[in-house]
Structures are given as structure tokens and as C-alpha cells.
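Visitor: I am new to this structure and would like a close look at a single part of it. Could you take me slowly through the salt bridges and the places they connect?

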Amino acid sequence: QVQLVESGGGSVQAGGSLRLSCAASQNIRSINFMAWFRQAPGKEREGVAFIYTPGQQTSYADSMKARFTISQDNAKNTVYLQMNSLKPEDTAMYYCAARTAGTTWPLWPLESHDYNYWGQGTQVTVSS
């Protein structure tokens, strides 16, 4: 069992920044893949950023690549999502996810069904 606890969400104005944190209950390098997804009201959950924790390789959804950065701190078993130049359309519940069901590397698991552990979510609201 992996427990994931997100924090760092909040309300910001357009153009602002937030850093989300996801603290895992075990060594994140043993998890293989961790990711951030988001879900806006009335929309499907979408992948935002992904990290292969053994090597810290990263991948992003095209629309977020220039503004978001995923990173990890192995000592704290924590994955971060730095979000810059936020837009109103970034408003959503942001979820941390972990995949422990075997590695697919070098293929990236990009869909929500690829992940078997989820945090409770943290709300991000961007006002114009």
C-alpha cells in the first residue's frame, strides 16, 4: 500500500505560480512512475506531468511542457509540481498518482488507469 498526500494548492491570479507537493509513504525510487493528473468540473481526468523515479526522467503533456516542472526529492519521498504562468484554464483538482504494478520503462504510462494509487487531490483555482 502506498499513501500519497498532496499539498500546496490554493487560489492565485493569472500569471502566478504554485508548487504542489506529493508526499509518499515509501521510498519513491521503488515506485517507478509517479505523476500529476488534473480534473476540472465536467471534464475527464488528464495527465499533466510524469516522472520515472529511478532515473528522474520526466515527461509532460504538450500544453503544460513550457510552464510546469515535475521533480522529486528522494530524501523526503516527495514529488513536486512547479506551476508557473498559471492560466484560468489550469483551474482543477490536481491529483498525485503512483504506479507500482511493474515498470513499463522506457514506455511512459500516460493514462489514469495505468496508476494504482492516488492521493486525495488538492484544488488549484486561477482567477483572471
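Guide: A residue is called buried when its relative accessible area is under 20%, exposed when it is over 50%, and partly exposed in between. With that cut-off in hand, please keep in mind that the model before you is predicted.

The structure holds four salt bridges, and a good place to begin is Arg-38, whose side chain meets that of Glu-46 in a salt bridge with N and O 2.6 Å apart. Of these two partners, Glu-46 is partly exposed, because its relative accessible area is 33%, whereas Arg-38 counts as buried because its relative accessibility is 8%.

Arg-38 also forms a salt bridge with Asp-90, and here the closest N and O atoms are 2.9 Å apart. Since Arg-38 belongs to strand β4 (residues 33–39) while Asp-90 sits in the loop between β8 (78–83) and β9 (92–99), this pair ties together parts that are 52 residues apart in sequence. Both Arg-38 and Asp-90 are buried.

From Asp-90 the trail leads on to Arg-67, for the side chains of Asp-90 and Arg-67 meet in a salt bridge of 2.7 Å, N to O. This pair, too, links distant parts of the chain, with Asp-90 in the loop between β8 and β9, Arg-67 in the loop between β6 (57–60) and β7 (68–73), and their positions 23 residues apart in sequence. Asp-90 has a relative accessible area of 0% and is therefore buried, and Arg-67, at 12% relative accessibility, falls under the 20% cut-off and so counts as buried as well. Through salt bridges that share partners, Arg-38, Glu-46, Arg-67 and Asp-90 are joined into one network.

Two of the strands that border these loops, β8 and β7, can also be found in an open sheet of four strands, which has the order β1-β3-β8-β7 and antiparallel pairing. Its edge strands are β1 (4–7) and β7, each of which pairs on one side only, and from one strand to the next the twist averages 15°. At the β1 end of the sheet, four bridges join β1 to strand β3 (residues 18–24), the two running antiparallel, and within this pairing Val-5 has Ala-23 of β3 as its bridge partner.

Conventions. Residues numbered from 1 in each chain as written. Predicted model: local features only at pLDDT ≥ 70, side-chain atom pairs only at ≥ 80, totals over all residues. Heavy atoms only, no water. Buried < 20%, exposed > 50% of the residue type's maximum accessible area, 1.4 Å probe, protein only. Pairing = 2+ DSSP bridges. Axes fitted to C-alpha atoms, helices over the stretch in contact; angles between N-to-C directions.
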